[in-house]
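Please walk me through this protein chain, beginning with its overall make-up and then moving to its cores, its sheets and a few individual residues.

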Amino acid sequence: MLVVVVCLVLLGSALLWRVRDAERDNARRLLAKNAEKVALLVSSHTENLTTVLALVESTAARGPGGAQGPDLLDWRRDTFEAALLAPRSPFTQVALLDRSGREVAHVSRFHTYLPGELVSRAGDPGIAEASAGRTWISPVRISPDSGLLSMQIAIPFRSPDFQGVLVADANVSRLWMEVSRLRIGQSGYAYLVDAEGRFLAYQRASEVLQRHGEDMSVMPPVSEFVRERGPASEPRVHAYQGLSGQEVIGLLVPIANTEWAVVVELSEAEAFASTRNLMKLLIALGFLGVIAAGVAGMLVSRRLLRPIEGLTAAARRIAGGDLKTPVATPQEEERADEVGALAHAFRTMQLELVSAWDSLEHRLEELTTAQTALSVSEERYRTIFENSGSALAIVETDATLGIANRELEILTGWSRQELVGRPFVELIAPREQGRVEAFRAHDVIDAHGKASTYELGLIGRSGKVFDTALSVARLPDGRFLAAFIDITELRKAERERAQSERMRQAVFDGSFQFMGLLSTDGRLLEVNRKAAEFTGLPREELVGRPFWETAWWAHSEEQQVTLRDAIARAATGEFVRFEANFVDRESKPRFIDISLTPVRDETGKVTLVIPEGRDITELRRHQEQLRQSQKMESIGQLAGGVAHDFNNLLTAIYGNVEMALSDTDPSDARYANLEQIQQAARSAERLTSQLLAFSRKRQLDPETLDLNERVESFSKMVARLIGERIHLEFRSAPTPCRVRVDPTQIEQIVFNLAVNARDAMPDGGRLSIELAIVSLDAAACAAHPRLSPGDHVALSVKDTGIGMSADVRARIFEPFFTTKATGKGTGLGLAIVHTAVEQCGGGIEVTSEPGHGTTFRILFPRLSEEALSRPARSAPKPQRGSESILLVEDNPLIRDTTERILGILGYRVVASPDAETALSLAAEWDGPLDLLFTDVVLPGIDGPALAERLRAMRPSLKTLFTSGYNDNVPLAEGLAQNRLRFLPKPYDAVTLASAVRGAIDAQPCPSADEVTGR
């Protein structure tokens, strides 16, 4: 009996050992399965976050068409905010950094970042990685803004206008909520560690705040992971005191695409529960066997001990694994007593045990193999089903939903319990109800059993409709596998892309510049409406051809060569700009500013070239007008200076001639010579008047007059000027031609045009001067900036001379331009005419062809109402005086002549060459000073300043100014209002005497500073 008990105990121990090994293997598979499941969830989640952030980067990098600078940055900031606020958005904040790590934009759910709050994050570990073109994912951390589990992702940001890094904080609380739903036995749990063994996240989110960052390398699986710096070839199970404080068995699995690992722990009590129960049973059976053996020992006799010892030894060998060892001899089996019966029974038991053990081992081996294969297959398909990026569901044969995966829960908002048993058609949006029968009829599968794919509206629990791509496949048991892919954002992106393309095309076609798109070999890929309209050809005839062979360049082989060279340079990355001459569809020449801009891809390779053209014909014309105006201004300054100096000389000539005439008897032969000198001086005065008018330095004296009468009055003088070989015709207008102009200007215009016509008819001809009333509209006035629509007086001067070519007509108003031989003309006549017409507020037109004569038509605004001309002023009578005059003149010739004339008239004169000397003389002069007669322009202190300082010394002092011209605007206004006394140069003795007398007898004048605005 004792031997039997011992044998049973030994067999139980062996069975206990095998059961414990089986439980250990099952526990390892359970831990490994759940660890891989958690690792797959974390890895998939990080990949999804990276994919979503890459989509945000792609959208922000592309930008709206035409946008730049602050507008583009605002658009990108709006794009980041839209990514944060999107439904189920995982991000809590997004920041855009430049290559130096400086924040350019920062948006957050918890704070509004102003430009002044943007900081440098150059020290962040992920910035260098992302700047080098790699994606960086931080360890799980607790966000300081939200207090939630989060991790940071940094990816490179590349766009044509900006290179930098896009950084986003992602909330991973939702991930650990999904991980927390996993059930690892009754007591199992999972947590996350980094490469250094620090605690990152826990399946029980409530404890993360207590343990985050804790060193977990004391745990054997973590210690092994940190020590070996990588995963083992196969996860190993360790027994130790776990995170919960209990004795556990644990296993570590690394997470793909990260430096993290997941640890899964299960209490030993649960892992080896069956072994413990079996051990308790065996202990109870052993205790009972011991009691039975004691009782049996008391009953058996001594003769039984030896056979029983033999049986005991055999039992030990059987317990050691030798099931076929002999347990009894034949003699013992043939005994009729209890020992023989025991031996026979023990032998029979041995044979049955061997047979049963062999059968059990074979069956156990089969069951283990099948269970392992089934578990692996089931786990594989369950993992695929649960972790698929698509929303999956099994549709039963009655068109109701069976099982559904997590993605379908997320997509629809329904829980799995609510989805199971729900009719499939209830998930279809109302707008798709017309297709319900198709699903009921199972026509979603073709004749070959291949899956069919549809775009279908799916309605969620909240009533929101999603655009999905539905793929349906028939399963072997007659059910269907339905896979939904949410394409709502894809369709939205497609609509936005289409809208962006329409906007780009609108900007492209709406541009006022010529724009296009070239391949790097010069083939025209696209052209905007403005450029096509320039040629008058449809786009189809332009696109696809080499750019230099298109209509823009066909007129010039030289420019085609220039263009081909420019395209080759642009294809290497160089920005090229040059000017070209085009001919538009009306055969008119146009100047075009051309630029070629290279476009690079993300690798920096030039893939396209953008040609742009700007019509600068009008700009060229305005530049030419500006150049001409500047030239006229320069010539005017020169003419004014010459006239000023000439007036000074004429003043001296006038004075000395008049004094010589007064001292010479009229019967003296020299008297006639002096008169000729005086007459020549007056002719020279008219010449200087013309020069001052040309330089705009002569004070105009406009009057209201009738051009009919004025031109007719000096037409006889014109006839004598052009000679007898030229016939003069004058035709006046039938109605008065009243205009307001300077009469001297009109004489200059007519005389200069008559002389020009005379030189154009060396063999004689006909000169016509005609006046007429014409009405001009806005279009006609466009060529004459000084004229407004309405009635105008047209003065036409027409000759029958040799005429002019187009090149000559373009330059006739340039100073010193002439076609006459050297010594035959100065080239100033028509320039003076042009200036005089402008000063009179008119416009001039020229019509001429070689061999067909020339017509000048001058237009003046006609006065609508009759106006009286200003009455002529009577010449002042010469008067004498005895007052004291301070004369200030820097020209010694004029100073000496004027001093002598004033002395002859009886005045006491104190002469000074400059203002400083005048101030000294005035201070030393004991008697009264009645008049200051000074030039306006003096070396050092000018005339008005001198007058002001002398008036401070002598308040009663009166002033008379003189100058060769008066281009001082405030001074001219003072003269026009009779507030200042002024004597223009040149002047004769009579004019000087009248001006001096009038200034002395006049009321006190205002100060020069009051008039000149000092």
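The paragraphs below go from the whole chain to its parts.

The coordinates come from a predicted model, and the protein chain in it has 1014 residues, of which 43% count as buried. Its secondary structure comes to 31 helices and 33 strands. Among the contacts in the protein chain with a separation of 6 or more, 59% are between residues 24 or more positions apart. The area that the protein chain exposes is about 53,100 Å², and carbon and sulfur atoms supply 54% of that area.

The interior can be approached through its nonpolar cores. As a general background, nonpolar side chains in soluble globular proteins tend to be buried together. Here the largest nonpolar core has 49 residues, and those with the most contacts inside it are Phe-80, Val-94, Val-140, Leu-166, Leu-192, Trp-260 and Val-262. The element that gives the most to this core is helix α1, which spans residues 2-62 and provides 13 residues. A second core, separate from this one, has 37 residues and includes Leu-767, Leu-771, Leu-830 and Val-837.

Val-94 gives a closer view of the surroundings of one core residue. When its neighbours within four places in sequence are left aside, Val-94 is in contact with Phe-80 and Leu-84, with Ala-105, His-106 and Val-107, and with Leu-166, Val-167 and Ala-168. Of these partners, Phe-80 and Leu-166 are themselves listed with Val-94 among the residues with the most contacts inside the largest core.

Next come the strands. One open sheet is formed by five strands in the order β8-β7-β11-β10-β9, with antiparallel pairing. Because β8 (199-202) and β9 (238-241) stand at the edges and each has a single partner strand, one side of each is left without a neighbour in the sheet. On average, and with direction ignored, neighbouring strands of this sheet are turned by 35° against each other. At the β9 edge, four bridges join β9 to the antiparallel strand β10, which covers residues 247-254, and Gln-241 has Glu-247 in β10 as its bridge partner.

Further along the chain, strands β19, β20 and β21 are linked by two hairpins. Strand β19 (residues 576-583) runs antiparallel to strand β20 (residues 589-600), and eight bridges join them; within this pairing, Glu-579 is matched with Asp-593 of β20. The hairpin of β19 and β20 has five residues between the strands, and Ser-587 in that hairpin takes a positive phi near 65°. Strand β20 also pairs with strand β21 (residues 606-615) in the antiparallel sense, over nine bridges, and Ile-594 has Gly-613 in β21 as its bridge partner. The hairpin of β20 and β21 likewise has five residues between the strands, and in it Gly-604 takes a positive phi near 90°.

Two helices complete the tour. Helix α28 covers residues 943-953, and its buried residues are Gly-943, Pro-944, Ala-945, Leu-946, Ala-947 and Leu-950. The N-terminal end of α28 is capped by Asp-942, a side-chain oxygen of which lies 3.1 Å from the backbone nitrogen of Ala-945. Helix α30 (residues 989-1001) contains Arg-997. Why does Arg-997 count as buried? Its relative accessibility is 9%, and buried means under 20%, so Arg-997 falls in that class. The side chain of Arg-997 is also joined to the side chain of Tyr-907 by a polar contact of 3.4 Å.

Terms used: Residues numbered from 1 in each chain as written. Predicted model: local features only at pLDDT ≥ 70, side-chain atom pairs only at ≥ 80, totals over all residues. Heavy atoms only, no water. Core = buried A, V, L, I, M, F, W, Y, C linked by side-chain atoms within 4.5 Å. Buried < 20%, exposed > 50% of the residue type's maximum accessible area, 1.4 Å probe, protein only. Contact = heavy atoms within 4.5 Å. Polar contact = N/O pair within 3.5 Å; in protein donor to acceptor, adjacent residues only side chain to side chain. Areas by Shrake-Rupley, 256 points an atom, 1.4 Å probe, with all protein chains shown as cover. Pairing = 2+ DSSP bridges. Axes fitted to C-alpha atoms, helices over the stretch in contact; angles between N-to-C directions.
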